[in-house]
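Reader: I'd love a close look at one loop here, and then a walk outward to how some of the helices pack. Could you take me through it?

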Amino acid sequence: MGRPGLNRRHLLTAAGGLAVAGSFGFAALGTGADALASGADTRVRYWNLFSGGDGANMIAMLDAFRKAHPGIDVKDSTLQWGNPFYTKLAMAAAGNRAPDLGVMHMGRVTGFSPGRLLDPWDVDLLAKYGIREQDFNPLLWQRGVIDGELYALPLDIHVQLCFYRKDVLGKAGLLGDDGRMVPVTSTDEWFDVLKKAKAVQKKGLQTIGLWTNDQNFQWWFFVAFYTQLGGRWFNDDNTEVLFDPDKATQVLEFLRRHVTDGYVIPGAPTGEQFVNGAPFTWEGNWSVPVFSGAKLDYGATPLPPVFGKPATHAESHAFVLPHQADRGGPANEGAHELAAYVVKHALQWAAGGHIPAYTPTLSTPAYKKLTPQNEYVSAMDHQATEPKVWFAGSTGVLAQDLGPVVVSSTMGSAKPASVAQTMKKRLTKLLASKNPMDGRTAAQGGAVA
């Protein structure tokens, strides 16, 4: 099936349909130097969305690349996190003004019209710079493959974690001989852990931070526990909804119980309460530098496998090649070399809490010494990801449509069973809807799941 022409109106429609405010409020950080570096004969223009600690780590990695490759001038630009970034990247690719290299969340790649707004990677050129498929988690690598070609080169996975205070859990008898939180394998065990922790925690604090009124976090938690139950979204052809309302209801009731049993203070600042002594908080791994900087005695584990099967929500930052009508030549080769270098030298990136996608890094002595990273590295093998469809991905349409109804259940304004049915209806509608980027439904997308 041919794809309709992509113009500014299509992209603005897509931007309106996909827009959601970044819940973390990241702002643009500006651009790199315009002048070609002295002595360089190749320039690589690189757009990313990294700010804060991630931004500092990326700059350090780019500086290391510049020092090792004086013949390549990297002109890096950091844009606002979330849909403002994706809108600008799409407009640049459609208008043939795209950078040589970009970064995307893996879940957004399928919806970004691969082949029109993204160019495939030259895997032979990547191999020249030491990037081989066998050095990556197989499922993670395949998430970047569309119609048999690699469109996204994984840099990391970033996961939702269960952070815990060792000082509090020690008083409650909830630490094992290894100094880590005792294993949890059922919902009964989990709520027993919360009960024991609450008995010894500071007064006036919640027992666990759950981001109860945040649609993104609540959606991420739902994805994790629905995956633990073996729940499916669609059939392999993306023509039928297989969402299981009964399993969804179990997850929604589990999340809601944290509020009804008094372990959560709705609206309370999660990270701040954890720093002040709350026993638990569920946060993304990007909170590691914050908690380590506060010099807490803490640990972090993947979300507890309360439904038996280990699975924790995971997304991935990935390098992409925004479409250029004349892609090729030294700038294209430089983009491949830069991406390969950063992926292979990701120990600096791991300091920000992310799990490097390049698996040889995980076995190095330096990585094994990182705490608490070495405690949750197993999440690489138990990724709970959104379905591979155009409307999925970080802050995408799927999270916009389903996240708020998960919040309504957790906060108590709607019944879990009713919300589960609403979720299935919305999934049915989304499956039949067309991607504003190229006018095709999920079934017409050709993605190799």
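Author: Happily! Let's begin at Pro372, which sits in the loop between helix 15 (365-368) and helix 16 (373-376). The peptide bond that leads from Thr371 into Pro372 is cis, its omega being near 0 degrees. Bear in mind as you look that this is a predicted model. For the protein chain the mean pLDDT is 90, and 90% of the residues reach 70 or more.

Another loop also deserves a glance. Asn96 is found between helix 3 (83-94) and strand 4 (101-105). Although Asn96 is not a glycine, its phi is positive, near 60 degrees. As background for both spots, most residues other than glycine have a negative phi, and most peptide bonds are trans.

Now for the packing of helices. Helix 10 (residues 245-260) is a good place to start, with helix 17 (residues 397-411) as its partner: their axes come within 7 Å and cross at roughly 50 degrees. An angle of 35 to 65 degrees falls outside both the roughly parallel and the roughly perpendicular ranges, and helix 10 and helix 17 are therefore oblique to each other. From helix 10, Leu252, Leu255, Arg256 and Val259 take part in the contact, while helix 17 brings Val406, Ser409, Thr410 and Met411. By type, five of the residues in this contact are nonpolar, two are polar and one is charged.

Aromatic rings are worth following too, since a search of the whole structure finds 36 aromatic pairs. One of them joins Phe191 and Phe254 edge-to-face, with 5.6 Å from centre to centre and 70 degrees between the planes. Phe254 belongs to helix 10 and Phe191 to helix 8 (residues 187-200), so this pair ties together parts that lie 63 residues apart in sequence.

A second helix contact makes a nice companion. The axes of helix 2 (residues 52-68) and helix 13 (residues 329-344) come within 10 Å, crossing at roughly 120 degrees. Helix 2 and helix 13 are therefore oblique to each other, and their crossing is right-handed. On the helix 2 side you will find Met58, Met61, Leu62, Ala64 and Phe65, which meet Glu337, Leu338, Tyr341 and Val342 of helix 13. Eight of the residues in this contact are nonpolar, none is polar and one is charged.

One caution before you zoom in elsewhere: over residues 1-35 pLDDT stays under 50, and the model has 73 contacts beyond four places in sequence for that stretch. Where pLDDT is low, the predicted coordinates should not be read in detail.

Conventions
Residues numbered from 1 in each chain as written. Predicted model: local features only at pLDDT ≥ 70, side-chain atom pairs only at ≥ 80, totals over all residues. Heavy atoms only, no water. Axes fitted to C-alpha atoms, helices over the stretch in contact; angles between N-to-C directions. Helix = DSSP H or I, 4+ residues; strand = E, 2+ residues; numbered from the N terminus. Parallel < 35°, antiparallel > 145°, perpendicular 65-115°, else oblique. Left-handed = near helix turned anticlockwise from the far one by under 90°. Contact = heavy atoms within 4.5 Å. Nonpolar A, V, L, I, M, F, W, Y, C, P; charged D, E, K, R; others polar. pLDDT = per-residue confidence, 0-100. Phe/Tyr/Trp six-rings, centres within 6.5 Å; stacked < 30°, edge-to-face > 60°.
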